[in-house]
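Grab your viewer and work through these short exercises on one chain. Each comes with a solution you can follow step by step.

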Amino acid sequence: MSTAEKIGPPLRFDWSVPTGVYNEALDPSGTPRDGWREFLDALRHAPPEELARRATQAEEQLRENGVTFNVFHEGSQLQRPWRLDLLPFILSAAEWRKVEKGLNQRARLLRWIVQDCYGSRQLIYDGSLPPEVLFANPGFIRAFCGLHAGPGPSIATYAAELARGPDGQWCVMADRAAAPAGMAFALENRIITSRTIPPALHHQPVLRLAPFFLQLQNTLTELGARHSPNPRIVLLSSGASHPYYFEDVYLARYLGYTLVESGDLAVREDRVYLKTLAGLAPVDVIMARGPERAIDPLELGGNSPYGVPGVLHAMRRGNVTISNRPGSGLMETPVFMAFLPELCRRCLDEELLMPSIPTWWCGDDAQRAYVLDQFEGLVIKPAFERSGGRETIVSRVSAAERGALRERILARPYAFVAQELIERSAVPVFSQGAVRPGHAAVRVFMVAEGGEFSLMPGGLVRVAPNTAPMELSISAGVGSKDLWVLADGPVRPVTLLSSENEPVKLQRTSAIFPSRVADDLFWVGQSLDRADFLSRLLRAVVERLTTDAPLDAAELPSLVRILADQGQIEPGFAIEILAGPMPAFGEELPRMVSDASESRGLAAAVRELERLASLERLWISPDAWRKIHETAATFHASVSSGWTGPYDVLDAVNQVILDLAAVSGLIQDGMIRGPAWRLLDIGRRVERTRNVAGLLRSLMSDGEPIERPVLKALLEVMDCRMTYRARYLDNIQQNAVLDLCITDETCPRSIASQLAALADHVDLLPQDAASPLRSEEKRVIMGALHAVRMLPPDQLARPQTADLRDIMIDVDLALRALTDTLSRKYLLHSGQPRQITIEPDVVATT
């Protein structure tokens with residue numbers, strides 16, 4: 001009996017391709033096309049249950065890896081998960097060579113055109129391009145003139161949106177020359193598909209993607225070679241609000257570049273610098289990933305947070321290279337498609353090998369006449385909007401709308417183009433337990449290699465359930481799939497890592513990383529300890545509320561007051577609680593704990609921890625990130641389930657405590673003891689010290705001795721019960737409890753141990769070598785540590801705790817001063833230029 005018969009019925013093929021649509025897998029006679037036969041034979045014997053299970057595994061891996069893109073709806077930002085179909089899009093090596101040849105020519109042509117448009121404009125002067133195509137085009141930005149002269153390619157990376165018509169011929173639906181998106185999604189699709197697709201479906205030799213990314217590294221290094229023999233390359237992102245921020249993070253990690261945002265860069269004396277923990281470090285190449293119109297707000301205006309003021313001037317002075325050069329996005333406006341065949345003959349003396357979708361510019365009398373004659377069979381687009389913007393399928397609008405559109409074209413004919421309506425080809429998709437046709441849009445990627453372009457042997461395929469036009473965006477469609485280019489023979493392993501036989505230069509992690517990252521990691525540490533502390537405090541409260549006699553818990557009023565002082569509940573509400581029945585408080589507690597609008601509450605701390613960790617995934621281990629994400633998802637799912645009483649809260653905070661313990665362990669064991677870990681740990685210890693000091697200050701607010709039930713609860717919150725019992729049995733005394741909380745440096749949660757660790761951390765931060773004296777931050781932390789260490793033992797035992805309370809206030813003020821000093825000196829880079837470098841040959845004077 002076969003495996004399929006053991007598991008269940010064979011895989012069902014609901015394969016009905018509409019008439020007039022090209023079938024990628026089968027020819028008109030039903031015979032598999034080149035490259036598909038072996039795969040389809042194996043697919044027919046694949047158990048549907050196995051495919052479904054592996055598809056679920058793929059979704060889980062994508063979710064764990066955080067593969068999403070942001071979508072915006074009614075002003076709110078949401079994250080939409082990335083969908084992957086495990087059945088690949090397959091092309092033969094011979095066909096791929098034809099595609100590469102045509103796109104190589106097309107990319108060279110576009111480079112020629114953009115250099116001319118921002119240079120001598122010979123195409124305008126000799127009549128090859130009408131003046132309106134350039135000077136009426138909002139995509140033509142005069143500030144970019146002259147930037148495309150000089151060595152190096154104007155367009156280093158290029159992408160093309162491909163579709164295959166009913167005749168089987170490829171055509172380009174759109175060109176992407178500014179900051180092509182999708183490379184990282186294509187790579188992630190390849191990795192997940194390779195890991196989860198059944199082995200029986202993966203016997204064919206498939207070309208690897210790594211050589212493409214290796215060439216990308218080489219190209220960017222060559223761009224920076226004229227600035228430095230070892231150029232510093234950064235990837236400039238629009239930030240976490242950008243739809244494809246995941247890709248920015250992924251590419252930076254994979255290529256080994258520093259991920260930066262606009263606030264991480266500064267221009268000083270016509271050079272671009274990276275703001276780091278150790279000062280300003282020069283930048284040689286910027287791989288720009290955002291809108292080129294916002295690259296320099298000083299020259300281009302606007303209030304976009306993406307740009308770097310002064311970067312265009314630094315580029316003109318030859319001190320930095322931007323890839324792709326600003327202005328390359330001009331080639332994305334569809335008006336140029338109408339002229340490419342003639343321009344190819346004019347510029348390259350060649351026939352255009354890879355055609356565009358048939359395009360007509362309405363500014364030309366003959367082309368406009370054709371458009372109006374064939375009006376109902378065309379798609380009308382703005383000529384100067386980036387391809388993928390607004391479009392009108394004429395056959396699908398009313399007669400009145402068609403008439404109004406005609407009038408707009410006649411009024412401003414130069415502002416419109418018309419294109420054919422194409423039905424995309426069909427590919428196999430596994431859906432709902434069967435193989436069905438999906439309709440594919442293919443985005444492929446190229447990188448400059450000398451004077452030519454190399455094509456990635458793969459790409460990003462988006463699929464839709466029908467032949468309707470898809471938006472020319474990587475988020476279009478209902479899912480995606482991997483693109484396999486089959487090799488003619490064995491595939492040579494290629495990796496971005498160094499050769500196994502070649503020793504690498506030994507290094508240690510330095511302080512040359514963005515100060516914004518340091519700031520985020522500092523707050524990751526604070527949010528982590530904040531969430532842990534509040535969970536332990538809430539557990540102590542809820543455990544007493546859920547006893548048989550909560551009114552007998554003498555320590556409960558003190559714990560409620562601490563909750564109010566810590567910001568988990570409103571102080572006014574705490575007064576009402578203390579004056580009213582405790583059972584009523586138990587009924588209200590679930591609502592207060594789940595309220596994320598309480599900025600100092602547990603829900604807000606968990607949410608902030610996940611947000612900050614997602615921003616700085618490059619700087620924490622993948623396991624730590626996954627555990628943080630899982631912690632937040634578990635907590636939010638618990639909240640969403642609808643808590644009905646304190647027992648639900650107790651279950652949730654117990655889980656948070658366990659999860660955060662795992663996160664802490666992963667951070668401690670998985671992060672190199674470099675500046676990133678140091679800033680994160682400083683944030684944790686600052687928050688822990690302030691939490692403990694605030695906790696003790698609340699308990700000493702009346703200056704009276706702390707009652708024994710309260711001391712016992714204090715040991716629970718500090719997680720010191722076992723230590724105390726081992727030392728003193730059950731003899732609860734104020735001095736012994738306060739020793740564990742304040743002065744015992746062997747206790748990992750005591751104030752003294754935190755201050756001592758902070759003093760060690762501050763010692764290792766970059767310092768001003770010109771000053772022989774201790775820094776401001778060192779004096780602050782040493783003063784607080786000395787005050788705690790000098791506490792006499794009898795003061796811990798005094799019935800009157802007012803003096804001790806004042807010391808807790810001083811400790812809190814010292815920690816506030818330390819935070820302000822660290823932010824001002826290392827994280828914000830405000831004030832006058834200064835030299836605090838620890839690598840004078842790498843880091844410039846600020």
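**Getting the overall picture**

This is a predicted model, and its chain holds 29 helices and 22 strands.

**Exercise 1.** Work out what share of the residues in the chain is buried, and what supplies the area it exposes.

*Solution.* Start with burial: take under 20% relative accessible area as the cut-off. By that rule, 57% of the 846 residues are buried. Next, turn to the surface: the chain exposes about 35,800 Å². Carbon and sulfur atoms supply 52% of that area.

**Exercise 2.** Find what percentage of the chain's contacts between residues at least 6 apart in sequence join residues at least 24 apart.

*Solution.* First keep just the pairs at least 6 apart in sequence, then pick out those at least 24 apart: they come to 73%.

**Exercise 3.** Sort out the order of the open four-stranded sheet that contains S7, and say which strands stand at its edges.

*Solution.* Reading across, the order is S8-S7-S12-S13, and the pairing is parallel. Strand S8 (258-260) and strand S13 (321-323) each have a single partner strand, so they stand at the edges with one side lacking a neighbour in the sheet. From one strand to the next, the twist averages 30 degrees.

**Exercise 4.** Zoom in on S7: how many bridges join it to S8, and which helix lies across it?

*Solution.* Strand S7 (residues 233-236) is joined to S8 by three bridges, with the two running parallel. Look for leucine 236, which stands opposite valine 260 in S8. Then bring in helix H8 (residues 210-224): it lies across S7, strand S12 (285-288) and S13. Its angle to S12 is about 135 degrees.

Methods:
Residues numbered from 1 in each chain as written. Predicted model: local features only at pLDDT ≥ 70, side-chain atom pairs only at ≥ 80, totals over all residues. Heavy atoms only, no water. Buried < 20%, exposed > 50% of the residue type's maximum accessible area, 1.4 Å probe, protein only. Contact = heavy atoms within 4.5 Å. Areas by Shrake-Rupley, 256 points an atom, 1.4 Å probe, with all protein chains shown as cover. Pairing = 2+ DSSP bridges. Axes fitted to C-alpha atoms, helices over the stretch in contact; angles between N-to-C directions.
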